[in-house]
Amino acid sequence: MNNPTLLKNLRNIPDFPIPGVQFKDVTTLFKNAKCMKIMLNELYEIYKDKGITKVVGIESRGFVLGAALAVKLGAGFIMCRKPGKLPAETLQESYMKEYGKDTIEIHKDAIDEKDVVLIHDDLLATGGSMKAAYNLVKKFNPAHVYINFIIELTGEGLNGREVFDEGIEISTLLRV
């Protein structure tokens, strides 16, 4: 965790999207082949023996490493998207954001009770979108669910882990 190469290549954008926010931009990690390899290998080491059968990536930055990790783990990849983006029947979960309500969806046939699911996204701040994704995945009654982020924000009064029940295994590559 907190690989120096990843930390060195993580871009910080002050006052984005609003004044006072220090935005952590993962696109600088994605564009760097060495960083991509480090992240993918670190994620693989965490999850290689967990029996993961499906990786759920949250729109849209969760798709990047989520899909690559699914391939490396020999698992399927599931897209968790905003409403109207998936073509077949879906299940939905809504959640509150700091500036309003949002909804995410997964295809109704995406996960079954035998699946061991890893939900992946780029950033844990308040935990709202991941908690919604977790609640959505739990509707399928999978065998087990893990949660992963590239970055966990620990400053600025953000306590994203607190929205999850005890016992949920959450891992992050970087804590900043």
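1. In this predicted model, the side chain of K72 sits over the face of Y44, 5.1 Å from the centre of the ring. The arrangement counts as a charge over a ring because NZ of a Lys is accepted within 6 Å of the ring centre, provided it is also within 35 degrees of the ring normal.

2. Four aromatic pairs are present in the structure. One of them joins Y47 and Y146: the ring centres are 5.9 Å apart and the planes meet at 70°, so the pair is edge-to-face. Y47 belongs to helix α3 (residues 33–47) and Y146 to strand β8 (residues 144–152), so many positions apart that the pair links distant parts of the chain, with a separation of 99 residues. Both partners are buried: Y47 has 0% relative accessibility, and Y146 has 9%.

3. F63 and F77 also form an edge-to-face aromatic pair, with 6.0 Å from centre to centre and 90° between the planes. This pair again links distant parts of the chain, F63 being in helix α4 (residues 61–73) and F77 in strand β4 (residues 76–80), 14 residues apart. As to burial, F63 has a relative accessible area of 17% and is buried. F77, at 28% relative accessibility, is partly exposed, because the limit for burial is under 20%.

4. Helix α4 contains 13 residues, and its first and last C-alpha atoms are 19 Å apart, close to the 18 Å expected at 1.5 Å a residue. Its buried residues are G62, F63, L65, G66, L69, A70 and L73. These pack against α2 (27–30), α3, β3 (54–58), β4, β7 (116–124) and β8. After α4 comes G74, which has a positive phi, near 70°.

5. H120 is located in strand β7. With a relative accessibility of 0%, H120 counts as buried. Its side chain makes a polar contact of 2.8 Å with the side chain of N148. When neighbours within four places in sequence are left aside, the residues in contact with H120 are L43, V56, G57, I58, G62, L65, G66, M130, N148 and I150. Among these, G62, L65 and G66 also appear in the list of buried residues of α4.

Methods: Residues numbered from 1 in each chain as written. Predicted model: local features only at pLDDT ≥ 70, side-chain atom pairs only at ≥ 80, totals over all residues. Heavy atoms only, no water. Phe/Tyr/Trp six-rings, centres within 6.5 Å; stacked < 30°, edge-to-face > 60°. Helix = DSSP H or I, 4+ residues; strand = E, 2+ residues; numbered from the N terminus. Buried < 20%, exposed > 50% of the residue type's maximum accessible area, 1.4 Å probe, protein only. Expected span 1.5 Å × (residues − 1). Contact = heavy atoms within 4.5 Å. Polar contact = N/O pair within 3.5 Å; in protein donor to acceptor, adjacent residues only side chain to side chain.
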